[in-house]
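Colleague: I would like a close look at a single part of this protein, the strands and the loops around them, set against the chain as a whole. Please take it slowly and keep the pieces connected.

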Amino acid sequence: MGVLPTDTHAEALRKEILVLFSSVTTLLSFVWVGTYAALGLYVSAAIPLSYQVFSVVNLAVFAKRKRYRFFRASTLTLGLLLPFILQLSLGGFLPSSAVVLWSFTAPLGALLFSRRAEAAGWFAAFVGIVGLSAAVDPLLTNTADIPDGIVIAFLALNILGVTGTAFFLLYYFVRERERAAALIAAERERSERLLLNVLPAPIAERLKSGESPIADRASEAGVLFADIVGFTPLSERMHPDELVRLLDEVFSLFDGLVEAHGLEKIKTVGDAYMVASGLLGGSEHHAEELAETALEMQEAISRKPPLLVRIGMDVGPVVAGVIGRRRFIYDLWGDTVNTASRMEAQGIPGAIQVTERAYERLAPAFVFEERGMIEVRGKGPMRTYLLVGSSEGVPTSGGLPSPAGVVEGAADPPAV
């Protein structure tokens with residue numbers, strides 16, 4: 001009741017508890033109204049009755065106009081003053097069973113429904129009310145004739161009523177706060193997972209700590225580009241759902257291989273997949289891990305005919321960093337990145353083409369076939385090699401072009 005769409009969860013919770021508090025105390029007032037009316041104390045019975053009437057009207061106005069501040073102030077003011085007035089009408093602490101205890105609900109409510117500074121003011125007002133009650137108590141001469149049994153019963157009821165109301169409201173507040181905390185924790189965990197899907201964990205931590213800009217230089221990093229051969233004409237023949245499912249299957253497979261080798265997936269662009277090694281304190285054998293990943297990518301795709309993957313690799317210096325404000329991305333720049341991209345774009349379907357410096361870095365741990373000199377766009381003539389397998393166990397041709405065919409077509413690589 002009275003909650004606005006623009007309210008935060010905390011604001012909505014305060015309004016809910018205040019409505020609950022007002023409703024509970026209004027219902028409890030029937031005990032005092034009925035008892036005092038039965039004893040013929042009609043003036044005293046009229047005080048809690050007036051509280052009930054005002055509370056119902058106040059709730060109706062709040063539900064319609066959503067004026068929370070007025071609703072809060074009026075509810076707390078009545079809760080503070082009416083028990084004091086009721087106690088005076090009955091002749092003091094003893095005949096009223098210390099009904100002024102109910103005035104404590106005002107600072108308690110202020111603590112739950114407003115700021116702590118305001119709650120301190122309401123508590124000071126409660127202390128003043130109790131002090132005033134004690135000061136005027138000896139001067140009161142209108143002591144009500146109430147049976148001792150009812151006085152004792154009402155004393156117990158006042159104590160239990162105030163403490164019970166306090167416990168009930170605090171219990172509700174804590175329960176809702178814990179529920180909100182659980183939702184926030186789940187949302188934070190979800191955000192963390194999403195962030196780690198976009199950025200490497202060390203970069204995500206630096207970003208959360210407020211570091212900006214994030215930029216690093218790596219003297220030696222491996223860069224791999226993998227591209228599905230003939231994807232554009234294939235995409236024109238496939239239904240969008242089938243196309244996305246295919247890409248998701250292939251790239252999820254690549255994701256598993258990259259994670260298993262401790263590498264960093266940088267991004268996907270269309271049907272191209274980019275991986276890097278040697279970043280963020282990677283292993284000194286990062287280049288070997290990257291080469292093993294390339295071979296496993298090639299083997300995995302070979303089991304999904306008619307798909308073929310074209311892979312290019314280079315090893316060298318790069319600059320890495322985070323760019324963007326909203327949809328940020330961890331990316332790499334430098335000649336190594338451009339050259340690796342050229343190795344893929346001008347490679348051979350089903351083969352892994354690497355630069356001469358990547359070959360020198362990886363030999364003799366791996367077996368290569370020399371492709372020879374090719375004209376690389378933007379780079380000129382370059383000597384390139386085809387990664388065939390690990391020196392521990394070289395695979396069979398497995399659909400790779402024969403060495404002779406590769407060298408013969410070196411000057412003019414096949415167009416795809």
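**Strands and loops in their setting**

Modeller: In this predicted model, the secondary structure of the protein chain comes to 14 helices and 8 strands. The radius of gyration is 39 Å, whereas the globule rule gives 22 Å for 416 residues, so the chain is more spread out than a compact globule. The extent of the C-alpha trace along the principal axes fits into that picture, at about 120 × 45 × 35 Å. Buried residues make up 44% of the 416 residues, and of the contacts with a separation of 6 or more, 69% are between residues 24 or more positions apart. The surface that the chain exposes comes to about 21,700 Å², with 61% of it supplied by carbon and sulfur atoms. As for charge, the chain has 36 positive and 44 negative charges, and their mean positions are 12 Å apart.

With that as background, the part to look at closely is strand S6, which runs over residues 352-355 and is covered on both faces. Ile 352 and Val 354 lie on one side of S6, Gln 353 and Thr 355 lie on the other, and all four are buried. S6 has pairing partners that can be described in turn. Strand S4, residues 309-323, pairs with S6 in the parallel sense over 3 bridges, and within this pairing Ile 311 has Ile 352 of S6 as its bridge partner. Ile 352 is therefore both a bridge partner of Ile 311 and one of the buried residues of S6, where buried means under 20% relative accessible area. Strand S8, residues 380-390, pairs with S6 in the antiparallel sense, again over 3 bridges, and here Thr 355 stands opposite Thr 384 in S8.

From S8 the description passes on to strand S7, residues 366-376, which pairs with S8 in the antiparallel sense over 10 bridges. One of the positions in that pairing is Val 367, whose bridge partner in S8 is Gly 389. S7 and S8 form a hairpin with 3 residues between them, and in the turn Gly 378 has a positive phi of about 80°.

The loops that precede two of these strands each hold a proline with a cis peptide bond before it. In the loop between helix H11, residues 286-302, and S4 sits Pro 306, and the peptide bond that joins Pro 305 and Pro 306 is cis, with omega of about 5°. In the loop between helix H13, residues 356-362, and S7 sits Pro 364, which is joined to Ala 363 by a cis peptide bond with omega of about 0°.

To set these strands against another part of the chain, it helps to turn to the loop between helix H4, residues 93-96, and helix H5, residues 105-113, where Ser 97 is found. Phi of Ser 97 is near 60°, a positive value in a residue other than glycine, and Ser 97 is buried because its relative accessible area is 3%. Ala 98 is found in that loop between H4 and H5 as well, and phi of Ala 98 is near 55°, again positive in a residue other than glycine. Ala 98 has a relative accessible area of 15% and so counts as buried. Leaving aside neighbours within four places in sequence, the residues in contact with Ala 98 are Gln 87, Phe 93, Leu 155 and Asn 158. Between Ala 98 and Pro 381 there are 99 Å in space, C-alpha to C-alpha, and 283 residues in sequence.

A further loop, between helix H2, residues 42-65, and helix H3, residues 68-90, contains Arg 67. Arg 67 counts as partly exposed because its relative accessibility is 45%. The C-alpha atoms of Arg 67 and Val 3 are 10.0 Å apart in space, although the two residues are 64 apart in sequence.

Definitions and conventions. Residues are numbered from 1 along each chain as its sequence is written. This is a predicted model: local features need pLDDT of at least 70, side-chain atom pairs count only at pLDDT 80 or more; totals for chains, interfaces and linings use all residues. Side-chain values use heavy atoms; hydrogens and water are left out. Helices (H or I, at least four residues) and strands (E, at least two) are DSSP runs, numbered from the N terminus. The radius of gyration is taken over C-alpha atoms; the globule rule is 2.2 Å times the number of residues to the power 0.38. Buried means under 20% relative accessible area, exposed over 50%, partly exposed in between (1.4 Å probe, protein chains only). Contact means heavy atoms within 4.5 Å. Accessible areas come from the Shrake-Rupley method with a 1.4 Å probe; for residues, only the protein chains shown count as cover. Lys and Arg count as positive and Asp and Glu as negative; His and the chain ends are not counted. The place of a charge is taken as NZ of Lys, CZ of Arg, CG of Asp or CD of Glu. Two strands pair if DSSP finds at least two bridges between them.
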